[in-house]
Amino acid sequence: MKVLVINCGSSSLKYQLINMENEKVMAKGLVERIGLEGSQLKHQPEGMDKIVIEKPMKDHKDAIKVVLDALLDENHGVIKDMNEISAVGHRVVHGGEKYSGSVLITEDVMKVLEECTHLAPLHNPPNIIGINACKDLMPQTPMVAVFDTAFHQTMPKHAYIYPLPYELYEKHGIRRYGFHGTSHRYVSKVAADLVGKDIKELKIITCHLGNGASVAAIDGGKSIDTSMGFTPLEGLAMGTRCGDIDPAIVTFLQKEENLSYEEVNNLMNKKSGVLGISGVSSDFRDIENAAFDGNERAQLALDVFHYRVKKYIGAYTAAMGGLDVLVFTAGLGENSPETRYEICKNMEYLGIKIDAEKNKVRGKVQEISTEDSRVKVFVIPTNEELMIARDTVEIVNNL
């Protein structure tokens, strides 16, 4: 079975075609600047050179058609016929409280996705557009929605309810939803396999650390808490997002700086985080280089980031009543030994000890804890696309 995995942004589209018989990627790519001047496809067939196709694409339907044409091309394609694509798996950011797992896309599902757009106004609309475009071009091919929020639907009510008037939850669905769920689910399963135990026997903390970052507490294979909340703004300090702040700061800024709702929202989401503190960049590599050269604000930004991750690890260990496995994943978690070291430093009291030599690893699976560390610590590259493809196969096979 070959599964096409689609991830639509507002003006971009990422894809992978995966042969599920061996779980190998046959081709992958990225469409950029959809609906804008200079739109292009970067297409990478397995074992071949990357090609760039520059072509006007007014919408996502055009973009998906260009992708399908590239997959079928006699020179750089990897399939001979559209019918070789057995199913399409779509990454969807928000499924609200309705879905605790991936689902076959039906008209009823599409209605729910539309209803959830106010909860993810930047993400769900392009996800919906991408699904509709695929349905138009591949009407007989089954489609599956895999939600970022679904994995966290196992959180107990006391973990996801905010201490606001309860009627706001009932009226507007204001609660913690959590994100990066597909990534947290994937790496926790890999971690359980690596320690050779049933995931139901383990207490795992997964740290998805990148420009967007979140931590999840996974007890017995189920998410019981996570740092992102009603939106992806809550939690850790991130590349450009502020994370946890006193909510009164919002109204204070509106009054003292005469800022509108849109301006405060933009400030917290796009001008804050390690960018806001350092004044250097939202890219941790740039900040690490600046800190090495003696930039005090860059070092402060790193200190704030490490401290917040450390706090969440401690809190989630307390919430689960223990910890067996700690996982680092995503761009920063997979590739920054310095970040992992600073987060794990002085955590021996929790049973976390990392081996300096093992911790030099970048971008591949490896245990980095010492032999006498009570908690197993791993670097595990995430693979959300494979998780989406696996879910798609499971659902389609059960039709």
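In this predicted model, T182 touches V146, F147, D148, E384, M387 and I388, with residues up to four places away in sequence left out of the count. T182 itself sits in helix α6. Its relative accessible area is 2%. Buried means under 20%, so T182 counts as buried.

One of the contacts of T182 is D148. In UniProt, an unreviewed entry places the feature "active site" at D148. The annotation comes from that record and may be inferred rather than shown by experiment. D148 lies in the loop between β8 and α4, a helix that covers 157–160. Like T182, D148 is buried; the relative accessible area of D148 is 2%. The contacts of D148 include R91, V92 and V93. They also include G178, F179, H180, G181 and T182. Again, residues up to four places away in sequence are not counted.

H180 is among the residues that D148 touches. H180 is placed in the loop between α5 (166–172) and α6. The relative accessibility of H180 is 13%. That value falls under the 20% cut-off, so H180 is buried. Beyond four places in sequence, H180 touches D148, H152 and H208. G212, A213, S214 and M228 are also contacts of H180.

Helix α6, which holds T182, also helps to line a pocket. This is the second largest pocket, with about 200 Å³ of space. The lining is made up of 14 residues. Closest to the pocket centre are S100, G101, S102, R185 and D391. Three elements give two or more residues each to the lining: β8 (143–147), α6 (181–195) and α14 (384–397). Of these, α6 gives the most, with four residues. By residue type, the lining has five nonpolar, five polar and four charged residues.

At the level of the whole protein, the domain assignment gives two ranges. Domain 1 covers 2–147, and domain 2 covers 197–379. The centres of domain 1 and domain 2 are separated by 30 Å, taken over C-alpha atoms.

Key. Residues are numbered from 1 along each chain as its sequence is written. This is a predicted model: local features need pLDDT of at least 70, side-chain atom pairs count only at pLDDT 80 or more; totals for chains, interfaces and linings use all residues. Side-chain values use heavy atoms; hydrogens and water are left out. On a 1 Å grid over the protein atoms alone, a cavity is a set of points where a 1.4 Å probe fits but cannot get out, and a pocket is an open set with protein on both sides within 12 Å along at least five of seven lines; lining residues have an atom within 4 Å of a point. Grid points are joined across faces, edges and corners, and a volume is the space filled by probe spheres set on the points. Ala, Val, Leu, Ile, Met, Phe, Trp, Tyr, Cys and Pro count as nonpolar, Asp, Glu, Lys and Arg as charged, and the others, Gly among them, as polar. Domain bounds come from an automatic or database domain assignment. Buried means under 20% relative accessible area, exposed over 50%, partly exposed in between (1.4 Å probe, protein chains only). Contact means heavy atoms within 4.5 Å.
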